[in-house]
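Open the model in your viewer and keep the selection tool ready. This tour goes from one selection to the next.

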Amino acid sequence: MRRPAGIFTRDDVIHDVVLDCDAIVVGSGAGGGVVASELAEGGLDVIVLEEGGYHPTEEFAPEPGAMTRKLYRDGGASMAIGTPTILYAEGRCVGGSTVINGGMSWRTPEKVLDRWYREDHVDGVRDGGLDRYFERVERYISAAHQDPGTVGRDNQLLRAGADARGWKVVDNIRDQVHCAGTNNCAFGCPTAAKRSTLVSYIPRALAFGARVYSDVKVERIARAGKRIVGVDARVVRANGTRGPKVTVRAPITVVCAGAIYTPALLMASGIRPPSGALGKNLTLHPNAKVVAVFDENVEGWKGVHQAYQVREFQDEGFLMAAVTLPPSVLAMSLPRYGDELHEIIKDYNRIVSGGILVEDTVSGQVRLLPGGMPMAFYQLTDHDAERIVRGTALLAELLFAAGARKVLMPFDGVPLLRSADDVRRHVYGHRIPKKHIEVMTVHLMGTARMGGDPARHVCDAHGKVHDTEGLWVADASLFPSPIGVNPMETIMALATRNAERILDHQAHRRAA
Amino acid sequence: MILADFHFPRRLRPALAQAARVCCPPDLDELGLVDQVVDYVGLQLRAFPSAFRAGMVAGIAALEAGAVLRHGRRFSQLPAETAHLWWHSWWNSPIAPCRQLAKGLNALIALAFYDSKPMRERLEYHPDAWIADAARRRLERWGAEIRRHEEALVAPDPLLPPQRLVRRHA
């Protein structure tokens, strides 16, 4: 496979190298891809350092095991420690998590931006302050509704159930150019219709002269006092061991490594913003899944991933969607084994798998373990656990209203439900221990939160790390609070805004 | 892709095979998938963080050896019914690491088993053909528009104010 000019892999760096540039971008996902493109277009010489590999669209296939090994951090086995333990997924490849997400492109809810302004003094974000950044992002990722004819039966049934209950449903806006509904989003879009940064912002960055070094892990941010002078990185060999040194020197470093690895890198580099909040405030939109078996053939894999969202309960802090997964991934996520599991999976083509996303009210933290490995710690609160139970119970009712014959809840010990009455009998009014709830997530946020008060916030309102010179953050770590919707577009808009501020700084410096 | 230089310990393969028999329906033996599932789990473990991988291996060793205390034989040597009982005691264990090992291992085995070609066939899951067909239809119908989008993507932004440019490109 021919690589585009400007993309380098471990095969290209066989000896220690020292590189110079104007700006280093750590990470190439929703934050890093955007920042790299904006800074390069603004005229800066940009180097992107991405820990994961470069995998073009042609490599993407509906093979979950192979794709998780290739595209996911830790082969998809990352987890936040607590009760329950929460599995989370992050992309580790050029394009980051945008390669493996569902592509939902929602603007930040106005009430969230208003809260960020009032409580965290994030200037310029409310009353439409972010609109021009959203518009710019939406242009490059082609955020749009699905074409007619690409919505699968799984989503039609979700909609039918919501309509039967009289609940509000919205058509999803996704980053896609005429998505054909191949439903392989979580393992890389095989048609490049989904506009991950791999096929949108990274090519744009390359077109403006940026260089992307994949298979390179940044180990330390180099400092001279409070001034950041670059990063010290290593090539990651195919077996995970440390390869040649990659030393990059630049007056600007933008860290976009996600809400776990961004604070971890700052901590490992001895950067201690005065707030003491680095690594704290971890929020993660807990997800739980409900599996419904219908009499009719559904074949949910024939159609777009998540065409709709049920927004009826958004004010209560949760959303619902239909999320079809390959049988192997569905099976591994269910609280069953053996014949009991097979009893569900054997009807794979008649299954609608739905999920809820909860806007959490608690925060965990990221700590560095001895040896430098970051670990997330997160305790689900009783309140959030109750909302997961209520949300999944309502989703089960919706699926019964759509004609489901049986529903499996994400709770260990709760029997297979066969009617809406069973939901009331076995779920409502029962206290379900937290350790019996199967929770996972793909939205990690908040561990380098932005705001106007250096005593409370890690970064200022434009992502500049307090009490440092030349160090910025542009990813979901910045969020002062969870946002209750899919975070990709918010990350991208903030990254665009931060890049604009960096360019302004540079312009002033050069003018002076 | 990063895969550690790790080989699943040969001495624990029988335990993993036994766990696969407990966690999968009879199709596992019927289709002769035991070795494939064990190999797949070993491969997947190579992508995991080393601490996690070490925990899994230690857990499987404990699952294997612990059965001697309760049932007088290693887990891999137990008859099917007793093996199920032993596994069930781990699945519902009040000790979190035991419970998590059972759940984590079950997840890996389920991934391996249902990702196998014969099981995908049995479930009538044929995404490759669907993807190829959908991709072809997409290009036939929208090819010109997609090309225009790709061209615009790498073109300078005509709306970008000149003062945004710190240094003009050559």
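Start with the boundary between chain B and chain A, where four salt bridges are counted. Bear in mind that this is a predicted model. For one salt bridge, select B:Lys103 and A:Asp412; their closest N and O atoms are 2.5 Å apart. Polar contacts can be shown next: 28 residue pairs make them between chain B and chain A, both residues at pLDDT 80 or more.

Now colour the helices of chain B. Those that each supply at least two residues to the side touching chain A are α1 (13–23), α3 (34–46), α5 (80–91), α6 (96–114), α7 (117–122) and α8 (127–153). Which helix gives the most? Select α8(B), which gives 14 residues. Coloured by class, this side of chain B shows 40 nonpolar, eight polar and 14 charged residues.

Select the whole contact: 62 residues from chain B and 80 residues from chain A. The area buried there is about 6100 Å², with 59% given by carbon and sulfur atoms.

Next, hide chain B and select the two domains of chain A. Domain 1 is 7–69 + 91–142 + 191–279 + 445–511, and domain 2 is 153–176 + 285–359 + 381–436. Their centres, taken over C-alpha atoms, are 33 Å apart. Between these domains of chain A, about 1700 Å² is buried. On the domain 1 side, select A:Met104, A:Trp106 and A:Gly484, which lose the most area to domain 2 and together make up 32% of what that side buries.

Finish at the one salt bridge counted between the two domains of chain A. Select A:Arg115 and A:Glu359; their closest N and O atoms are 3.5 Å apart.

Terms used:
Residues numbered from 1 in each chain as written. Chains lettered and ligands numbered in written order. Predicted model: local features only at pLDDT ≥ 70, side-chain atom pairs only at ≥ 80, totals over all residues. Heavy atoms only, no water. Contact = heavy atoms within 4.5 Å. Buried area = accessible area lost by both parts, 1.4 Å probe. Salt bridge = Lys/Arg side-chain N within 4 Å of Asp/Glu carboxyl O. Polar contact = N/O pair within 3.5 Å; in protein donor to acceptor, adjacent residues only side chain to side chain. Helix = DSSP H or I, 4+ residues; strand = E, 2+ residues; numbered from the N terminus. Nonpolar A, V, L, I, M, F, W, Y, C, P; charged D, E, K, R; others polar. Domains from an automatic or database assignment.
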